[in-house]
Structure formats: structure tokens, C-alpha cells
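Student: Please give me a close look at one strand in the middle of this model. Tell me what sits on either side of it, and then follow the chain outward from there.

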Amino acid sequence: MVIGTKKTVEVVTHSPEETIAFGRELAGDLQPPCLVLLKGELGSGKTTLAKGIVAGLGAAREEEVTSPSFTLVHEYGGDRKVFHVDLYRIEESRELATLGLEELWSEDAMVIVEWGEKLWDNAPAPRVIIQMEYTSSEERHITVERPSA
Ligand SMILES: Nc1ncnc2c1ncn2[C@@H]1O[C@H](COP(=O)(O)OP(=O)(O)OP(=O)(O)O)[C@@H](O)[C@H]1O
Ligand SMILES: [Mg+2]
């Protein structure tokens, strides 16, 4: 358990491998259906953390988890689905309608969204919000915020 009963958790990782390992641990705290919003600038490690989360959920091997920046949505898993979404290319909330995200919410699934801030208000609560910050070439500051409900 990484989060346990805490409201927020902050960690610093020193390599991509450490970020993946943290994602794997974090997966143990996530109960589908669940929406995970990943925020943070380009290269801050959102996809790297997603690899760990998806692998930790047992939905795919970490090397199978790649950035959905072109296809926008990747689907992993069997009975328990994990959707990995990247909204980098979305410029306004109107464009979200073309992605069919409502269908993802309605499944009993885990949905991990890179550039999660671009969902604006078009997403259900509760959500886990993860802010990633680039602090040096190999160091990332990660803040995980649990839903308050
Ligand atoms: N501690 C670290 N945690 C995560 N990634 C790291 C770390 N140190 C270095 N890196 C490198 O930083 C890059 C992070 O890229 P990644 O694709 O995960 O970021 P991203 O936030 O998804 O970017 P984008 O906004 O383009 O989708 C990778 O090249 C990774 O190897
Ligand atoms: Mg990415």
C-alpha cells in the first residue's frame, strides 16, 4: 500500500525504473472502476508511470505499454480492462466528444488519462490525481492525491 488512508503522497524517483516500480506499488491501491488523471509537462514521466500501473494491475507487461499519443486510447487487460488515454492533441473540450470516453467510464474499468487536466469537467469523480514534475534529468517529483469522497 502506497496511499493507505492518506490524502496525498509525495515521492521523488531517480530513474525511470523507480517510477515504474512506484506505479506497480500504486496499482495495489487502485480499485476499479477508477479514473487516474496524470498531469505534468512533456517528458515528466506520465507514460513511464502508466507502464508501472498497468503492469501492476496485471493488464499487460510493462514493455507492452506504449504512449497512446497517436491513437489516443490503448486498451489492455482481459476481464478487467485498463484504458490508457493521452489527450495531448486535444485542444478544446468539444473535441473530447469524438473520443467516446463516456463508454470507458461506463465499463467497470480502470481509466488512466495522460494530460488529465484536458478533461476539464467532462469526467466522473472519484478520481486519483497524479502530478508529475521534472526536477532534473533523472529525477521526478510525484504527488498522488486521493479522491476526498
Ligand atoms: N525518474 C524518472 N521517472 C520517469 N521518467 C524518467 C525518469 N528519469 C528519466 N526519465 C525519462 O524521462 C522520459 C519520460 O518520458 P514519458 O514518455 O514517460 O513522459 P510523458 O510525461 O508521458 O511525456 P509526454 O507528455 O510526451 O507524453 C523518458 O525518456 C524516461 O526514460
Ligand atoms: Mg506520455
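Tutor: Two strands pair if DSSP finds at least two bridges between them. Helices (H or I, at least four residues) and strands (E, at least two) are DSSP runs, numbered from the N terminus. This is a predicted model, where local features need pLDDT of at least 70 and side-chain atom pairs count only at pLDDT 80 or more, while totals for chains, interfaces and linings use all residues. Residues are numbered from 1 along each chain as its sequence is written, with chains lettered from A and ligands numbered from 1 in the order in which they are written.

Take β5, residues 110-114. On one side it pairs with β2, residues 34-39. The pairing is parallel and runs over 5 bridges. Here L37 stands opposite V113 of β5. Strand β4, residues 82-86, is another partner of β5. That pairing is also in the parallel sense, again with 5 bridges. V82 stands opposite M110 of β5.

How covered is β5? Mostly: 5 of its 5 residues are buried (20 or more other C-beta atoms, placed from the backbone, within 10 Å of its own; exposed is 12 or fewer, partly exposed in between). M110, I112 and E114 point one way from the strand. V111 and V113 point the other way. Both sets are buried, the charged-looking name E114 included.

Now the route into β5. β4, helix α3 (residues 101-106) and β5 make a right-handed β-α-β unit (strands pointing away from the viewer, the path from the first strand over the helix to the second runs clockwise).

Past β5, look at P124. It lies in the loop between β5 and β6, residues 127-136. P124 counts as partly exposed because it has 13 C-beta neighbours inside 10 Å. P124 touches L35 and W105, setting aside residues up to four places away in sequence (contact: C-beta atoms, placed from the backbone, within 7 Å). L35 falls within the range of β2, and W105 within that of α3. From P124 to G100 is 24 residues in sequence and 14 Å in space, C-alpha to C-alpha.

β5 also serves as cover for a helix. It is among the elements over the buried residues of α2, which include α1, β2, β3, β4 and β6 as well. In α2, 11 of 11 residues are buried. Among them are K46, T47 and T48. Those three, with T19 and G45, come nearest to ligand 1, out of 21 residues around it (C-beta, placed from the backbone, within 6 Å). Two or more residues of that shell come from each of α1 (16-27), α2 (46-56) and β7 (139-145). After α2 comes G58, with a positive phi near 75°.

Two more residues finish the tour. H141 is found in strand β7. It is partly exposed because 17 other C-beta atoms lie within 10 Å. Leaving aside neighbours within four places in sequence, H141 is in contact with V12, E133 and T135. H141 and G45 are 96 residues apart along the chain, yet their C-alpha atoms are separated by 9.8 Å. E64 sits in the loop between α2 and β3 (73-76). E64 is exposed because it has 12 other C-beta atoms within 10 Å. E64 and Y76 lie 12 residues apart in sequence and 9.1 Å apart in space, C-alpha to C-alpha.

Definitions and conventions. Contact = placed C-beta atoms within 7 Å.
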